[in-house]
Amino acid sequence: MEVQIEESGKNQTSPESIEADKAKQIVVLLIGPPGSGKSTFCDTAMRSSHRPWSRICQDIVNNGKAGTKAQCLKMATDSLREGKSVFIDRCNLDREQRSEFIKLGGPEFEVHAVVLELPAQVCISRSVKRTGHEGNLQGGRAAAVVNKMLQSKELPKVNEGFSRIMFCYSDADVDNAVNMYNKLGPMDTLPSGCFGEKKLDTKSQPGIMKFFKKVSALPASSSNEATNTTRKADEMTANVRVSPVKLGSADIVPTLAFPSISTADFQFDLEKASDIIVEKAEEFLSKLGTARLVLVDLSRGSKILSLVKAKASQKNIDSAKFFTFVGDITKLRSEGGLHCNVIANATNWRLKPGGGGVNAAIFKAAGPDLETATRVRANTLLPGKAVVVPLPSTCPLHNAEGITHVIHVLGPNMNPNRPDNLNNDYTKGCKTLREAYTSLFEGFLSVVQDQSKLPKRSSQTAVSDSGEDIKEDSERNKKYKGSQDKAVTNNLESESLEDTRGSGKKMSKGWNTWALALHSIAMHPERHENVVLEYLDNIVVINDQYPKARKHVLVLARQESLDGLEDVRKENLQLLQEMHNVGLKWVDRFQNEDASLIFRLGYHSVPSMRQLHLHVISQDFNSDSLKNKKHWNSFTTSFFRDSVDVLEEVNSQGKANVASEDLLKGELRCNRCRSAHPNIPKLKSHVRSCHSQFPDHLLQNNRLVARAET
DNA sequence: GTTCTAGAAC
DNA sequence: GTTCTAGAAC
């Protein structure tokens, strides 16, 4: 990046603290015809903002007179160098007009677009009416100009290099967007992605909701069903006014960039490959939370990109979460402005550099570090398999591009001149390619989950080696001191931590570090965007990190000192009811996808993790994470307290009954027919095929939630 | 020899 | 909560 931030001469600060203090600057391209309100947007957003801004307006860039694009670029560069974020106030209606400004982005600067898509009539009439407009576009001529410009308009896409795009279709949307930028402090960032776009796409975009609090101001329970775009815009408006976005500057949307596997040198059929890519991407998006998948190809005219793009849009896949991108996979951030924390490498069976194509490029860009780190994990790879390799912080790809992991993946080979040629056997080929994408996406999922598990450090912590870093963190956590969560939250938390060690009714239970994760998510859902499905004022919904059934989510209470069922009292009744309702809403959502799923909602009598959480779990128990007797018995014996019963008990007797932990050690019985089984594998194999009716007790009182048969 | 569990460590 | 692994069970 050619632009450097100059510090004044008497600079005593260490490199670490420069890094920590430095705000991520933003280049915001306003996109809209004359009269769409770009200048007003900038003025309002900049008014008493805590972030230094510069407005670059082509109408006045030349000493108060209209200037050129080049002058705008120069002024933008200068402002960025001075540490300011910039608004590019010019029409920027087509891709070409925008491209040079997008190139300003890079490791230090991210580029956003705000699209002012107001009705043409509104823009024209504003242009016509106004007097004294800086560009002197007024009077009747304006109508013709605006119309002409709108004809050649091209809406921006993330793959042009924007990290964030926001579409505004109404004054309310504009107010929203203005407000967001106005409230943005020097150290804050806005979530990446595409927001508010009106398209054929009718899928909901749950990712949006969780960035905003105060959802209770909305007709909450139905919010994600049948989401139409007007609705989406309304939600954002309602929310942002109440509470501005505030995210740590370190947050980025976890993103996997991957090349098309097997379609280059391995000569796999493009049609078949594109079907598989889209199928697998769709399958994994639901598991990935807000994380994104990006198919990358070097060439603009790439056939595989256009096939995938067309098929994804046909299937209405959320284009903010899965999209295609033209660029060099080793330079996505520095050259393309797209920050991906994980990249996939279509490798060879030896996991060695060379062979040309993506594999050679990635090994070359990463330097010897990648080979060393790879050797630790594996020496060879079978077709269909993947291996996740963390990149050391010394690696150039980590430094310059922000890539923390490379996932090597080996696809099937259809090229007779390469090893393991499948001889055109596409039955086998497709199977292996599917397997390859599954392994790849699963690898990515594990990275995302791991990263969300690690507590984020406060910005003062300066450690060069990432390995040491983690060690230090866990040491610190062991001693219950210095974790960021505590530093930021109120005293309640540190008090209760102390309390766990002393005497008294609550203090009998000392929580291990691992048991605090839910509490941390409940108190700071915005720090855990990867796992959070939804959050409201007093409730957070997350995917269970180790689901014990096909669908398994947790509804967390966002209240201090409600650690588990034992703490629940009558004053919590309303909260319990809300948790139950939110749980039912998710059941409904899951049953919309698969009507055969049957759910139970309930609490563990004695939870392993701190923070009251309601399990919403499908009764198939079909999951690799269900591994032992405790897992099974905690959901299928009376240790599991149905939410409906808890509600009733709290209401009538002021607290809930809890069962003994001894139940967890009992024999393994089928949850349907109650037959006993000697071990977990045999039990699981029985459960897979048992279709008996559920026990009578569960059929009563809505303990089981099933779709009525039609 | 392999499968599976239980308990320690994290 | 999970992971790891020794040793029991088969």
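What percentage of the atoms of DNA strand C within 4 Å of the protein belong to sugar or phosphate, and where do the rest belong? The share is 54% for sugar or phosphate, and the remaining atoms belong to bases. This is a predicted model, in which local features need pLDDT of at least 70 and side-chain atom pairs count only at pLDDT 80 or more, whereas totals for chains, interfaces and linings use all residues. Residues are numbered from 1 along each chain as its sequence is written, chains are lettered from A and ligands numbered from 1 in the order in which they are written, and side-chain values use heavy atoms, with hydrogens and water left out.

The residues around DNA strand C are Trp 514, Tyr 546, Lys 548, His 604, Pro 607, Ser 608, Met 609, Lys 627 and His 631, where a residue is near a strand if one of its heavy atoms lies within 4 Å of it. By class, this surface has 4 nonpolar, 3 polar and 2 charged residues; here Ala, Val, Leu, Ile, Met, Phe, Trp, Tyr, Cys and Pro count as nonpolar, Asp, Glu, Lys and Arg as charged, and the others, Gly among them, as polar. A phosphate oxygen of DNA strand C lies 3.0 Å from a polar side-chain atom of Lys 627, and a polar side-chain atom of His 631 lies 2.5 Å from a phosphate oxygen of this strand. Trp 514 instead has a polar side-chain atom 3.1 Å from a base nitrogen of DNA strand C.

Trp 514 also belongs to the residues around DNA strand B, together with Asn 679, Ile 680 and Pro 681. A polar side-chain atom of Trp 514 lies 3.5 Å from a base nitrogen of DNA strand B, while a backbone N or O atom of Ile 680 lies 2.8 Å from a phosphate oxygen of that strand. Of the atoms of DNA strand B within 4 Å of the protein, 75% belong to sugar or phosphate, and the surface near this strand has 3 nonpolar, 1 polar and no charged residues.

Turning to the protein fold, 6 strands form an open sheet with parallel pairing in the order β2-β3-β1-β4-β5-β6; helices (H or I, at least four residues) and strands (E, at least two) are DSSP runs, numbered from the N terminus, and two strands pair if DSSP finds at least two bridges between them. At the edges stand β2 (53–57) and β6 (193–195), each pairing on one side only. Within this sheet, β4 (residues 109–116) and β5 (residues 164–168) pair over 5 bridges, and Val 114 has Met 166 as its bridge partner in β5.

Another open sheet of 6 strands has mixed pairing and the order β9-β8-β7-β10-β12-β11. Its edge strands, β9 (322–326) and β11 (386–390), each have a single partner strand, so one side of each is left without a neighbour in the sheet. Strands β10 (residues 342–346) and β12 (residues 405–409) pair in the parallel sense over 5 bridges, with Ile 343 opposite Val 406 in β12.

Finally, helix α23 (residues 643–653) has as its buried residues Ser 643, Val 644, Asp 645, Val 646, Leu 647, Glu 649 and Val 650, buried meaning under 20% relative accessible area (1.4 Å probe, protein chains only). These residues pack against α21 (573–593), β16 (599–604), β17 (613–618) and β18 (640–642), contact meaning heavy atoms within 4.5 Å. Just after α23, Gly 654 takes a positive phi of about 85°.

Note on methods
Polar contact = N/O pair within 3.5 Å; in protein donor to acceptor, adjacent residues only side chain to side chain. Buried < 20%, exposed > 50% of the residue type's maximum accessible area, 1.4 Å probe, protein only.
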